[in-house]
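Reader: I'm happier with a pipette than with a structure viewer, so could you show me how to read this one?
Author: Gladly; let's go through it feature by feature.

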Amino acid sequence: MKVIISGKGGSGKSTIATLIARALTTHGYNVLLVDADESNYGLQRLLGVSAPVHLMENFGGKINFKKNWMGVASDGLFKDRTMINDIPDLCVAQTDGIKLLVIGKIHAHGEGCACPMGVLSKTVLSKLDVKENEIVIIDTEAGIEHFGRRLDGECDLILGIVDPSYESFMLAKKMQGMAENAGCEIFFVLNKFNPKVEAAMTKHIEENKVVAKIPDSDRIFLDSLEGNALTTRFSEIDLICDLIKTRKKNPPKKPALFPMLK
């Protein structure tokens with residue numbers, strides 16, 4: 001099963017992705033955590049591991065990747081269906097049942113757009129086969145560009161992370177509409193939740209679409225401030241794991257986007 005973590009910048013996508021990945025290992029799953037955010041460099045820090053070689057760099061960087069893309073897609077790693085264990089070891093960092101794969105990052109001024117990383121992300125997810133005891137969690141870039149790339153079409157479930165801000169509420173509505181148009185199931189996680197913001201958050205997000213409410217946490221704030229690995233456990237995260245496990249066992253049928261005309 002492949003799960004996309006989506007939301008606006010600063011909503012806590014990487015934090016929630018890390019907490020979900022850690023919790024899923026306690027439920028008996030091996031987890032591949034995919035860093036598909038070309039701008040944020042912090043996911044390995046949240047896991048407490050050193051960054052692996054970026055997959056894009058393994059293909060010679062953006063320039064060589066763009067020159068040789070057809071060869072990459074038709075020969076080698078992505079020629080056929082790929083298993084998680086087929087990913088080159090140097091491109092994977094491991095800790096406690098979690099494997100971290102970083103697609104690629106923007107490194108230098110003027111190097112161009114992140115489109116090659118988007119192409120590589122979509123290819124990885126479209127070719128990746130997942131075993132019964134494996135789950136893939138994808139931490140995406142801020143906003144909704146991955147919807148435009150149809151990255152959601154390669155996944156089974158979208159989790160929208162919503163923080164207490166009006167911009168986040170509006171983005172959640174946009175994400176829900178785009179997910180429904182794409183035939184993808186989406187649920188929301190209310191992050192940095194406390195009684196002061198409860199009325200506003202529940203006003204803007206459909207209750208039947210809320211899978212968990214993650215409390216505002218000084219511990220997580222301080223760990224993030226100091227650059228420490230996240231080890232805090234929340235019972236609310238287990239609610240998310242329960243949803244993922246349920247959908248893995250009984251996946252909803254995706255409607256055809258372009259049904260045959262009769």
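**Reading the sheet**

Reader: Which residue in β5 is the bridge partner of V34?
Author: V34 is matched with L101 in β5. Before we go on, this is a predicted model, in which local features need pLDDT of at least 70 and side-chain atom pairs count only at pLDDT 80 or more, while totals for chains, interfaces and linings use all residues. Residues are numbered from 1 along each chain as its sequence is written, and side-chain values use heavy atoms, leaving out hydrogens and water.

Reader: What counts as a strand or a pair of strands?
Author: Helices (H or I, at least four residues) and strands (E, at least two) are DSSP runs, numbered from the N terminus. Two strands pair if DSSP finds at least two bridges between them. Here β2 (residues 30-36) and β5 (residues 98-102) run parallel, with 5 bridges.

Reader: In what order do the strands of the sheet lie?
Author: The order is β4-β5-β2-β7-β1-β8-β9-β10, an open sheet of 8 strands with mixed pairing. At its edges are β4 (92-95) and β10 (210-215), each pairing on one side only. On average, neighbouring strands are turned by 20 degrees against each other, direction ignored. Such angles use axes, lines fitted to C-alpha atoms (for helices over the stretch in contact), and run from 0 to 180 degrees between N-to-C directions.

**Looking inside**

Reader: Is β1 buried or exposed?
Author: Buried means under 20% relative accessible area, exposed over 50% and partly exposed in between, with a 1.4 Å probe and protein chains only. In β1 (residues 2-7), 6 of the 6 residues are buried, so the strand is largely enclosed by the rest of the structure. K2, I4 and S6 point one way, while V3, I5 and G7 point the other way. β1 has parallel partners in β7 (residues 134-140), over 4 bridges, and in β8, over 5 bridges. K2 has V136 of β7 as its bridge partner, and G7 stands opposite I161 in β8.

Reader: How much of the chain is buried?
Author: Of the 262 residues, 51% count as buried.

**Charges**

Reader: What is a salt bridge, and how many are there?
Author: Side chains of opposite charge can pair when their charged atoms come close. The cut-off for a salt bridge is a side-chain nitrogen of Lys or Arg within 4 Å of a carboxyl oxygen of Asp or Glu. The structure holds 7 of them. In one, K105 pairs with D35, and the closest N and O atoms are 2.8 Å apart. K105 sits in the loop between β5 and α6 (115-127) and D35 in β2, so the pair ties together parts 70 residues apart in sequence. K105 is buried, at 2% relative accessible area, and so is D35, at 1%.

Reader: Where do R247 and E185 lie?
Author: These two form a salt bridge, with the closest N and O atoms 2.7 Å apart. R247 belongs to α11 (residues 235-249) and E185 to the loop between α8 (166-182) and β9, 62 residues apart.

Reader: Which side chain of opposite charge is nearest to K13?
Author: That is D37, 5.1 Å away, and K13 is buried yet has no salt bridge. For charge, Lys and Arg count as positive and Asp and Glu as negative, while His and the chain ends are not counted. K13 lies in α1 (residues 13-26). A contact means heavy atoms within 4.5 Å; leaving aside residues up to four places away in sequence, K13 touches several residues, including I5, D139, E141 and I161.
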